[in-house]
Amino acid sequence: MRVTIRVKLTLLYGGLILVSGALLLTAVYLAMDRQLEPQLAQAVRGTPALPTGEIQVYSRDSDQVVEVARTTALDTLIVVSALCLLGVAALSLLGGWWLSARVLRPLHTITATARQLSAGTLHERLSLDGPRDELIELADTIDGMLDRLESAFQSQRRFVAHASHELRTPLALQRAALQIGLDDNPDPDVVRTRDHLLTTNRRIERIIDGLLLLARSDRGLEHREPVNLREVVTEVVDQHRDLAAEHRVELDVEAVDAAVLGDRVLLVQLTANLVVNAIRHNAPGGTAWVRTDGHGRLGVANTGRHLPEDQLPRLFEPFHTTGTGAGLGLGLSIVDSIARAHDGVVTATPRPGGGLRIEVVLPTGS
């Protein structure tokens with residue numbers, strides 16, 4: 001059972017009051033015990049006799065009277081004190097529960113805001129009001145840290161976006177020069193060199209496109225709209241049937257209607273990356289399964305070689321490849337980035353017998 005700070009503070013406050021009350025009542029009891037007997041003895045022995053009809057109580061019986069009176073008074077004191085102490089303890093627990101809630105309220109605000117923070121919501125701040133105590137200083141420190149994080153994220157995004165845009169223009173000019181300048185040269189060495197350079201040029205363009213997409217998805221979503229996952233899957237699978245046929249991979253698709261909130265273009269790219277990976281990283285004659293359900297789940301699995309469990313987290317790192325020579329190593333990192341931009345989760349698990357299953361869970365629209 002998890003014990004919260006509020007419970008701990010309440011128990012600490014109540015326990016402190018209980019112990020303090022018990023010590024106080026013990027001191028009162030001991031003081032009464034010391035002072036009560038002589039006072040009673042003086043009062044009783046100061047009267048030589050007390051008329052009670054025909055029976056007289058003389059001073060020789062005063063010790064017994066003092067003892068009875070003392071015991072009765074102390075017993076009454078213990079009972080009354082114990083009841084008062086229990087009442088004070090109960091009130092202290094209720095008061096501690098209420099006070100701890102007030103003290104911890106700023107912490108709940110800090111925790112709730114921190115939970116909602118992501119790369120797309122770094123502009124949000126705690127901005128707590130109140131006297132300058134430790135909690136306000138903590139909130140201001142976190143706000144300052146968020147300022148620095150937001151600045152670093154924005155600087156990184158601007159660099160990636162600007163660098164990618166600046167690189168695309170010279171690459172386009174280079175490709176045009178290769179195609180036009182060397183198109184009429186029949187020399188086999190020239191043709192081979194031209195094809196190699198064009199292949200390299202296209203590879204660099206794909207890397208730049210991937211970086212641009214990463215920069216866009218890392219910025220988060222400014223606008224969300226309902227998107228039907230079944231329509232997205234149908235569109236992507238139809239576009240890649242020729243690629244599957246080229247690699248001799250069978251596409252097994254089962255898609256049902258599922259409305260998720262997000263950006264349709266990015267979700268199409270996410271699905272396309274998963275389908276392309278399932279085709280390219282497959283065995284000839286293998287199968288790629290694409291599934292959706294009505295709860296925002298998109299699963300893509302394929303046959304292929306076995307991947308160790310400890311290598312799965314690295315699949316989502318940019319430019320990490322599986323060593324097959326297929327792809328640039330950006331596909332799954334883009335999938336992960338797009339999923340996080342949609343407040344979704346991506347998991348990868350190895351299939352028994354080889355291959356991989358990747359599942360994306362996205363928030364559904366109402």
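**Exercise 1. Which residues in H8 are buried?**

*Solution.* Before starting, note that this is a predicted model, in which local features need pLDDT of at least 70 and side-chain atom pairs count only at pLDDT 80 or more, while totals for chains, interfaces and linings use all residues. Residues are numbered from 1 along each chain as its sequence is written, and side-chain values use heavy atoms, with hydrogens and water left out.

Step 1: settle the terms. Helices (H or I, at least four residues) and strands (E, at least two) are DSSP runs, numbered from the N terminus. Buried means under 20% relative accessible area, exposed over 50%, and partly exposed in between (1.4 Å probe, protein chains only).

Step 2: go along the helix. The buried residues in H8 are Leu332, Ser333, Ile334, Val335, Asp336, Ser337, Ile338, Ala339 and Ala341.

Step 3: draw the conclusion. Because nine of its eleven residues are buried, H8 is largely enclosed by the rest of the structure.

Step 4: look just past the end. Asp343, just after H8, takes a positive phi of about 60°.

**Exercise 2. Describe how H7 and H8 pack.**

*Solution.* Two packed helices are described by the angle between their axes and the distance between the axes. Here the axes are lines fitted to C-alpha atoms, for helices over the stretch in contact, and angles run from 0 to 180 degrees between N-to-C directions.

Step 1: H7 and H8 pack at an angle of about 145°, and their axes are 9 Å apart.

Step 2: find the handedness. The crossing of H7 and H8 is left-handed (the near helix is turned anticlockwise from the far one by less than a right angle; clockwise would be right-handed).

Step 3: list the residues that meet, with contact meaning heavy atoms within 4.5 Å. H7 brings Leu266, Gln269, Leu270, Asn273, Leu274 and Asn277, which meet Gly331, Leu332, Ile334, Val335, Ile338 and Ala339 in H8.

Step 4: recall the helix geometry. An α-helix has 3.6 residues a turn, so residues three or four places apart point the same way.

**Exercise 3. Trace the open sheet of five strands and its pairing.**

*Solution.* Two strands pair if DSSP finds at least two bridges between them.

Step 1: write down the order. The five strands run E4-E6-E7-E9-E8, with mixed pairing. At the edges are strand E4 (250-254) and strand E8 (345-350), each pairing on one side only. On average, neighbouring strands of this sheet are turned by 10° against each other, direction ignored.

Step 2: begin at E4. E4 and E6 run parallel, joined by five bridges, and Glu250 has Thr287 in E6 as its bridge partner.

Step 3: move on to E7. E6 and E7 pair in the antiparallel sense over five bridges. Val290 has Val300 in E7 as its bridge partner, and Thr292 stands opposite Leu298. The hairpin of E6 and E7 has four residues between the strands, and in it Gly296 takes a positive phi near 80°.

Step 4: cross to E9. Strand E7 (residues 297-302) and strand E9 (residues 356-361) run antiparallel, joined by six bridges. Val300 has Ile358 in E9 as its bridge partner, while Asn302 stands opposite Leu356.

Step 5: check the burial of E7. Five of the six residues of E7 are buried, so E7 is largely enclosed by the rest of the structure.

**Exercise 4. Which residues touch the most other members of the largest nonpolar core?**

*Solution.* A nonpolar core is a set of buried Ala, Val, Leu, Ile, Met, Phe, Trp, Tyr and Cys residues joined through side-chain atoms within 4.5 Å.

Step 1: this core has 41 residues, and Leu270, Leu274, Leu298 and Val360 touch the most other members.

Step 2: ask where the residues come from. H7 gives the largest share of this core, ten residues.

Step 3: follow one member. Not counting residues up to four places away in sequence, Val360 touches Leu270, Leu274, Gly296, Arg297, Leu298, Val335, Ala339, Val345 and Val346. Apart from this core lies another, of five residues, among them Ile110, Leu126, Ile136 and Ala139.

**Exercise 5. Is Thr271 buried or exposed?**

*Solution.* Step 1: Thr271 sits in helix H7 (residues 264-280).

Step 2: Thr271 is buried, with a relative accessible area of 1%.

Step 3: leaving out residues up to four places away in sequence, Thr271 touches Val232, Val233, Val236 and Leu298.
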